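Please open the structure in your viewer and follow the stops below in order. Each stop names what to select and then describes what is found there.

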Amino acid sequence: MTGSGAQGRRVAVASIMQETNTFSPIPTTVALFESYYIHRGSEMREGFGASRVEIPAVLATLDAAGVEAVPLIAAYAAAAGPMQRPDFERLVLEMETRLDAAGPVDGLILVLHGAFVIEDQPDGDGEIIAQMRARLPDGVPIGVSLDLHGHITPLMLQPETFHVGYQCYPHTDMFETGERVARLMIDTLEGRCRPVMALAKCPVIVPPVCGRTTDGPIAEVARAARQMEAGGLVRHASIFPVQPWIDVPDLGFAALVCADGDQGRAQAAADTLAQMVMDIHDEFPLGLTPLAEVIRIAHSSDGMTLAADTGDAPTGGAAADNVAVLRAVLGTGADREPGLTLLTLCDPQAAGLAHQAGVDREIEVALGHRFSVLDGAPLVVTAKVISVSDGRYVMSDAGAQGLAMDMGPTAVLGIGQVRVLVRSRPSMEWDRAMYLSQGLDPAAARLVFVKSPSHFRESFGPLAARILLADTPGPTRADIGQLPYRRVTRPLSPLDPI
């Protein structure tokens with residue numbers, strides 16, 4: 001240690017954050033990270049702007065305690081397929097090199113996702129933790145923040161390493177999770193806490209469409225975790241319903257509990273939470289509605305219908321280029337209905353063509369399946385270019401509030417009463433600012449599609465008269481029994497009876 005109390009201590013901060021989908025057609029590469037962001041050293045202090053995510057919270061909390069934060073590297077890529085070993089080692093080597101160059105530190109905070117899959121390693125996050133642990137002296141703690149959809153394995157439970165997961169889904173507490181992991185690091189350095197971890201798992205996948213912590217079956221488990229913390233039983237009780245779209249061994253729900261020095265207490269709490277999920281494993285109804293029925297309900301009902309395109313969610317690793325929704329909308333004549341229908345597609349070629357043509361021009365264009373070429377064929381349409389933009393906006397609602405988004409060159413195409421927001425990059429669809437930034441008001445539409453299983457409810461939900469989950473194809477489909485799992489450990493609910 002380099003000082004007494006927290007003041008005068010030095011804590012390194014680093015992040016490599018990616019959620020893998022092994023069914024995704026998009027490979028994860030260093031270039032993919034670079035297309036989103038890689039902030040190095042002091043860039044980490046300015047690169048996040050006013051966004052309420054983990055890194056700014058960690059840095060602010062350490063600063064307020066008089067701890068010297070030593071930023072190393074923060075890299076992020078949207079969900080995609082597994083990463084090749086050479087690309088993974090290139091990123092991790094930079095983190096290691098920067099840690100070595102930083103000189104002696106009293107702690108290290110890692111902001112990770114928890115479901116990062118490498119071609120030859122199902123737990124990339126665990127490997128990162130293990131490699132960083134090996135580079136630090138005994139007695140130097142590591143604190144790790146994790147997404148609630150992490151795939152938790154024993155590899156993550158390295159010595160003198162503690163973990164803190166998101167408490168909320170939809171993910172509205174990313175900033176607060178950064179604060180929590182930094183505060184625990186401070187308490188550890190000051191000798192006020194001696195974190196010990198315990199893990200309990202069960203062979204259950206909680207579908208994201210019904211895995212919210214705000215309501216539904218998993219909310220009871222989340223409440224139990226919060227009660228354990230509030231009652232002083234444990235320091236942090238994190239639940240992980242797991243990213244379901246990764247085909248890896250030992251997939252399933254995990255409870256990861258941090259207690260102050262009492263391993264038995266931590267394990268008992270983790271076992272209790274895992275058993276709660278095991279007890280209700282058959283109580284996770286998907287609640288899906290066929291696409292044609294979604295469209296019929298929307299155009300025969302008052303108010304706005306909000307529909308999740310569950311199978312093509314970019315935050316889960318889909319390419320966001322599947323035209324199943326557009327094909328159904330046009331096939332049912334929704335383009336001739338009086339109310340507007342809003343939907344999105346990722347198609348850089350079509351966006352480029354619209355930019356070349358210009359606003360108010362009519363174009364014939366093949367839309368969709370630029371990436372997911374094996375899952376369908378493009379749909380040729382004649383459309384009017386309503387608007388073009390650079391695709392940049394700032395998220396405004398709870399979650400990653402303040403996070404600057406870049407959809408790349410973007411256009412709005414009009415096909416009768418249908419508006420298709422065509423972007424060049426498969427960015428997240430969590431926030432109504434995505435549509436508003438392109439001159440489209442979801443509140444004024446009859447039917448609004450979003451490519452997201454649950455998080456969209458936080459921003460779009462208050463605008464809707466009803467919310468429907470459309471049964472759509474793709475690598476994030478809600479009915480995971482339709483996906484070609486090969487490596488998961490069986491039996492596994494809901495794939496198998498247990």
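Two residues are in contact when heavy atoms of theirs lie within 4.5 Å. Among contacts between residues at least 6 apart in sequence, 74% join residues at least 24 apart. The model on display is predicted.

**The whole chain.** Begin with the full chain, whose secondary structure comes to 13 helices and 20 strands. Its C-alpha atoms fill a box of roughly 70 × 50 × 40 Å along the principal axes. A compact globule of 498 residues would have a radius of gyration near 23 Å, and the chain agrees with this, having 23 Å. Of the 498 residues, 62% count as buried.

**Helix H11.** Next, select residues 348-357, which form helix H11. Ala350, Ala351 and Ala354 are buried here. Viewed down the axis of H11, the buried residues fall within an arc of 100°, so they line one face of the helix. An α-helix has 3.6 residues a turn, so residues three or four places apart point the same way. Now display strands S13 (362-367), S14 (379-389), S17 (410-415) and S18 (418-423): the buried residues of H11 pack against these strands.

**The ends of H11.** At the N-terminal end, select Asp347, which caps the helix with a side-chain oxygen 3.2 Å from the backbone nitrogen of Gln349. Just after H11, Gly358 takes a positive phi of about 95°.

**Arg477.** Finally, move to the segment after strand S20 (466-470), where Arg477 lies. Which side chain of opposite charge is nearest to Arg477? It is Asp471, 4.4 Å away; Arg477 is buried yet has no salt bridge. Beyond its neighbours within four places in sequence, the residues in contact with Arg477 include Trp245, Thr310, Gln482 and Leu483.

Key
Residues are numbered from 1 along each chain as its sequence is written. This is a predicted model: local features need pLDDT of at least 70, side-chain atom pairs count only at pLDDT 80 or more; totals for chains, interfaces and linings use all residues. Side-chain values use heavy atoms; hydrogens and water are left out. Buried means under 20% relative accessible area, exposed over 50%, partly exposed in between (1.4 Å probe, protein chains only). Helices (H or I, at least four residues) and strands (E, at least two) are DSSP runs, numbered from the N terminus. The arc is that of the directions from the helix axis to the C-beta atoms. A polar contact is a pair of N or O atoms within 3.5 Å; within protein, one must be able to donate a hydrogen and the other to accept it, and residues adjacent in sequence count only if both atoms are side-chain atoms. Lys and Arg count as positive and Asp and Glu as negative; His and the chain ends are not counted. A salt bridge is a side-chain nitrogen of Lys or Arg within 4 Å of a carboxyl oxygen of Asp or Glu. The radius of gyration is taken over C-alpha atoms; the globule rule is 2.2 Å times the number of residues to the power 0.38.
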